[in-house]
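Colleague: Could you take a close look at one helix-helix contact for me, and then tell me how the rest of the model sits around it? One long answer is fine.

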Amino acid sequence: MGDIDSAAGQGSTASAYRTVSREKRPTRGGSLLIGRLTQHGPANYQFRSDENPSYYVKLLTSRGSKTLWGKDLERALTSGETRPKVGDLIGARRVAREAVTVMARRRIAGGPVVTEEVHHAHRTRWVVEKVKFFAERARLARRLRDEQADIRETVRAHPELKSSFLSVRAAQEFAARRIADPKDRERFISLMREAMAASIQKGEPLPEVRLRDPSRAEEITKSARAPRPDEPTR
Amino acid sequence: MNAAFPRPKSDAILADPGTSAWLKSALESAANRDPIEALNDALVLAATLEERLRRELDLG
């Protein structure tokens, strides 16, 4: 299985890749690359005319210039939380690899498709944000890891952690009901807490809290109470 | 393609009111040094500062 981003470098002028299915597989996450964003944009992989379209991000790091390639980099830059601009000090991290199945179609000089081949590859998912974002995430992860912290106080200061703490509580309740051995129970809760903290630190989206809309709840209650005009009267 | 960050020129940086006093001072003192040694030191400095940033902000 190849990497679709780097697979673009395997010469395929007459083929058109089409993603037909995908599956997300979380990984532990790559290291954080830090540097000043100097340039970014769409381009053929490695700036070669015979390669497939991709997206690049150039960084000036303390170890020199570095160019990242990947179709997901555009989404990461433009849809992230901090949306960095050229000149900003940023961090870039690979957070997951998605398994994708692509259909390579080959045609002769604009004619009909002569062959279709299924290829299995990976597409890398990135988080690209200003450095301060990662510092804040590291701080939030520390809060979540701190078992001695006053949860109510922490959630008041960081409401974005509410869903994560609710998940920890749900894990504790699940463990209390389903796991008999206290050591296994502790281990389960600890692993759950660490997984969530690591995800936060990596820069992945924070889980959202779904609050019940009181007006909607009232509407539902009313509609449950009031008989509809077409309902038979008793 | 987005506009590239311009390659910095020493004079422009020194004239820019937004440049920190620390950077101006470093540039001025580097101007009198051997350019190879100055760049070599600057790269060590950059790597050291990055290390400090990672440590203090817990960036791993």
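Modeller: Let's start right at the contact between α3(A) and α6(A). From α3(A) come Arg137(A), Ala138(A), Leu140(A), Ala141(A), Leu144(A) and Arg145(A), and they meet Arg193(A), Met196(A), Ala197(A), Ile200(A) and Gln201(A) of α6(A). Sorted by type, the residues of this contact are 7 nonpolar, 1 polar and 3 charged. Keep in mind that this is a predicted model.

As for geometry, two packed helices are described by the angle between their axes and the distance between the axes. Here the axes of α3(A) and α6(A), the latter covering residues 182–202, come within 8 Å and cross at roughly 170 degrees. An angle over 145 degrees counts as roughly antiparallel, so that is the label for α3(A) against α6(A).

Now for the cores. The largest nonpolar core has 22 residues. Those with the most contacts inside it are Val57(A), Leu68(A), Leu73(A), Ala76(A), Ala92(A), Trp126(A) and Val128(A). Your helix α3 (131–145) is one of the elements of chain A that give two or more residues to this core, along with β3 (33–44), β4 (53–61), β5 (64–69), α2 (72–79), β6 (89–107) and β7 (113–130). A second, separate core has 7 residues, including Ala141(A), Leu161(A), Met196(A) and Ile200(A). Three of those names should ring a bell: Ala141(A) on the α3(A) side, and Met196(A) and Ile200(A) on the α6(A) side, also take part in the helix contact.

To get a feel for the bigger core, try Val57(A). Leaving out neighbours within four places in sequence, Val57(A) is in contact with Leu37(A), His40(A), Leu68(A), Leu73(A), Leu77(A), Ala92(A) and Val128(A).

Follow the chain on from α6(A) and you get to Pro207(A), in the loop between α6 and α7 (214–225) of chain A. Pro207(A) has 16 other C-beta atoms within 10 Å, so it comes out as partly exposed. Apart from residues up to four places away in sequence, Pro207(A) touches three serines, Ser163(A), Ser164(A) and Ser167(A). Its C-alpha atom is separated by 30 Å from that of Leu59(A), 148 residues away along the chain.

Another proline, Pro53(A), is found in strand β4 of chain A. With 11 other C-beta atoms within 10 Å, Pro53(A) is exposed. If residues up to four places away in sequence are not counted, Pro53(A) touches Pro42(A) and Asn44(A). The C-alpha atoms of Pro53(A) and Lys71(A) are separated by 8.1 Å, with the two positions 18 residues apart along the chain.

Two backbone spots are worth a look too. Most residues other than glycine have a negative phi. Phe47(A) isn't a glycine, yet its phi is positive, about 60 degrees. Phe47(A) sits in the loop between β3 and β4 of chain A, and it is exposed, with 11 other C-beta atoms within 10 Å. Arg83(A) isn't a glycine either, and its phi is positive at about 40 degrees. Arg83(A) lies in the loop between α2 and β6 of chain A. It counts as partly exposed, with 13 C-beta neighbours inside 10 Å.

Zooming out, chain A has 7 helices and 7 strands. Along the sequence they run β-α-β-β-β-β-α-β-β-α-α-α-α-α. Of its 234 residues, 26% count as buried. Take the contacts in chain A between residues at least 6 apart in sequence: 69% of them join residues at least 24 apart.

Then there's chain B. Its secondary structure comes to 3 helices and 0 strands, in the pattern α-α-α. The radius of gyration of chain B is 14 Å, well over the 10 Å that the globule rule gives for 60 residues, so chain B is more spread out than a compact globule. Its C-alpha atoms fill a box of roughly 35 × 35 × 25 Å along the principal axes, and buried residues make up 0% of the 60 residues. As for how the chains meet, 13 residues of chain B are in contact with 17 residues of chain A. On the chain B side, the touching residues divide into 9 nonpolar, 2 polar and 2 charged.

How values were computed: Residues numbered from 1 in each chain as written. Chains lettered and ligands numbered in written order. Predicted model: local features only at pLDDT ≥ 70, side-chain atom pairs only at ≥ 80, totals over all residues. Core = buried A, V, L, I, M, F, W, Y, C linked by C-beta atoms within 7 Å. Buried ≥ 20, exposed ≤ 12 C-beta atoms within 10 Å, placed from the backbone. Helix = DSSP H or I, 4+ residues; strand = E, 2+ residues; numbered from the N terminus. Contact = placed C-beta atoms within 7 Å. Rg over C-alpha atoms; globule rule 2.2 N^0.38 Å. Nonpolar A, V, L, I, M, F, W, Y, C, P; charged D, E, K, R; others polar. Axes fitted to C-alpha atoms, helices over the stretch in contact; angles between N-to-C directions. Parallel < 35°, antiparallel > 145°, perpendicular 65-115°, else oblique.
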